Number of protein chains: 2
Amino acid sequence: MYLLKKMILEQGIVVNNDVLKVDSFLNHCIDPVLMQEIGKEFFQRFKNEKITKVLTVETSGIAPALFTGLEFKVPVVFAKKSGALNLDKDVFETSIHSFTKQKDYMIKVSKKYLTSDDVVLIIDDFLANGQAVIGMSELISMAGAKLAGVGIVIEKGFQDGGALLHEMGMRVESLAIIDKMSQGKIFIRNEEENKK
Amino acid sequence: MYLLKKMILEQGIVVNNDVLKVDSFLNHCIDPVLMQEIGKEFFQRFKNEKITKVLTVETSGIAPALFTGLEFKVPVVFAKKSGALNLDKDVFETSIHSFTKQKDYMIKVSKKYLTSDDVVLIIDDFLANGQAVIGMSELISMAGAKLAGVGIVIEKGFQDGGALLHEMGMRVESLAIIDKMSQGKIFIRNEEENKK
């Protein structure tokens, strides 16, 4: 995705060699035209998968997930975050470890919105260590639904999430993979390598 | 908006005479096709206002705000919530009182994404007592930006937010106004009255 990579290079702020800020178009201020392009791209990549639902986790995953859902004309469910284990019988929930924040949190989805008939596409803004995606895939398993694949806007190729999800047998499509951040510069993997 | 009103009547769950759950298309599971229609409707209503930015607050306002931003081809900024006053000099922030949760919380927007050149349209999912909209309008004032109007998906007409915002001189456009909820039934104001 040329437009996405251009915006990462032009507007991304390298906070340190691990942390990239893309507040200006993805995480705080959102460019809806870019999000529409992202939705169309995920549709192209997963259009043969008979997707019935898009699943993401609040908050930053919602924008790319919504425009993907629009292309597929299917509902978009966002898992809600909460600090504590909930005793509500009507939700699927699991714990996720955040390496960034060094704490665990729960994510949950109402049982009404994830069922054994669903073929689910997970969409998220970032892939780093893969914990959020693994958590969402657990919710999908609990529902007896099928995971069709994972669409990621920006993958940090230098962290182990991508390899971990591939090992688990998931199909992961990342629109931009960052190989390295160093001295304020961002190195994005080229398209040809993306396709391998 | 016929489609919205139909979905409220068919899928809305009256928790009690004050609380309406629309989890199945707006607040947990989102219908992106409905959101696109909502975006187009807000565009029709505000298209002469030279909008440069759409502002909402996380989480449930993001979906209708994004599709409105898409129609206007302008960025969508979502104010972030946090428990405590932040000492970051680079943000506009204000306190909002939540009557539902009986507590105060802060909302903040980076100064980079709200400037004195902006003409801002506030979008939110619900209007009840108006506190979230008033908070967002304060952020707009702090930035020296202009508030063009307020677009609401569902207004609780039996609470005082609508009247309060009108008194403050704001132009408020609500796509569905609920006059009353009683014995599990939802009473939606008819179109003709909406236009007055």
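Where is the place of E49(A) in chain A? In this predicted model, in which local features need pLDDT of at least 70, side-chain atom pairs count only at pLDDT 80 or more, and totals for chains, interfaces and linings use all residues, side-chain values use heavy atoms, with hydrogens and water left out. Residues are numbered from 1 along each chain as its sequence is written, while chains are lettered from A and ligands numbered from 1 in the order in which they are written.

E49(A) lies in the loop between helix 3 (32-46) and strand 4 (53-57) of chain A; helices (H or I, at least four residues) and strands (E, at least two) are DSSP runs, numbered from the N terminus. With a relative accessibility of 23%, E49(A) is classed as partly exposed, a category lying between buried (under 20% relative accessible area) and exposed (over 50%), as computed with a 1.4 Å probe on protein chains only. Contacts, defined as heavy atoms within 4.5 Å, join E49(A) to V119(A), A148(A) and R171(A) when neighbours within four places in sequence are left aside. E49(A) and A148(A) are separated by 99 residues in sequence, yet their C-alpha atoms are 6.5 Å apart in space.

Also in chain A, strand 10 (residues 172-182) and strand 11 (residues 185-188) run antiparallel and are joined by four bridges, pairing being assigned if DSSP finds at least two bridges between two strands. K180(A) has F187(A) of strand 11 as its bridge partner. The hairpin formed by these strands has two residues between them, and Q183(A) adopts a positive phi near 50° there.

In chain B, strand 9 (residues 146-156) is largely enclosed by the rest of the structure, because nine of its 11 residues are buried. Strand 9 of chain B pairs in the parallel sense with strand 8 (residues 119-127) of chain B over eight bridges, and F126(B) has I154(B) as its bridge partner. The connection from strand 8 to strand 9 of chain B passes through helix 5 (residues 131-142), and this β-α-β crossover is right-handed, meaning that, with the strands pointing away from the viewer, the path from the first strand over the helix to the second runs clockwise. Strand 9 of chain B also pairs with strand 10 (residues 172-182) of chain B, in the parallel sense and over six bridges. Here K156(B) stands opposite I178(B).

The largest nonpolar core, a set of buried Ala, Val, Leu, Ile, Met, Phe, Trp, Tyr and Cys residues joined through side-chain atoms within 4.5 Å, has 78 residues, and L4(A) and L4(B) have the most contacts inside it. Beyond its neighbours within four places in sequence, L4(B) contacts F25(B), L34(B), I38(B), V153(B), L175(B) and A176(B).

Superposition by least squares on the C-alpha atoms of residues with pLDDT of at least 70 in both copies lays chain B on chain A with an RMSD of 0.0 Å, by a turn of 180° and a shift of 0.0 Å along the axis. The two copies are therefore related as by a two-fold rotation axis. Among the residues of chain B, T59(B) comes closest to this axis, at 3.2 Å (C-alpha). The copies meet through the same surface, because 100% of the interface residues of chain B are also interface residues in chain A. S110(B), in strand 7 (residues 103-110) of chain B, is buried at 11% relative accessibility. Its contacts, apart from neighbours within four places in sequence, are H28(A), D90(B) and V91(B).
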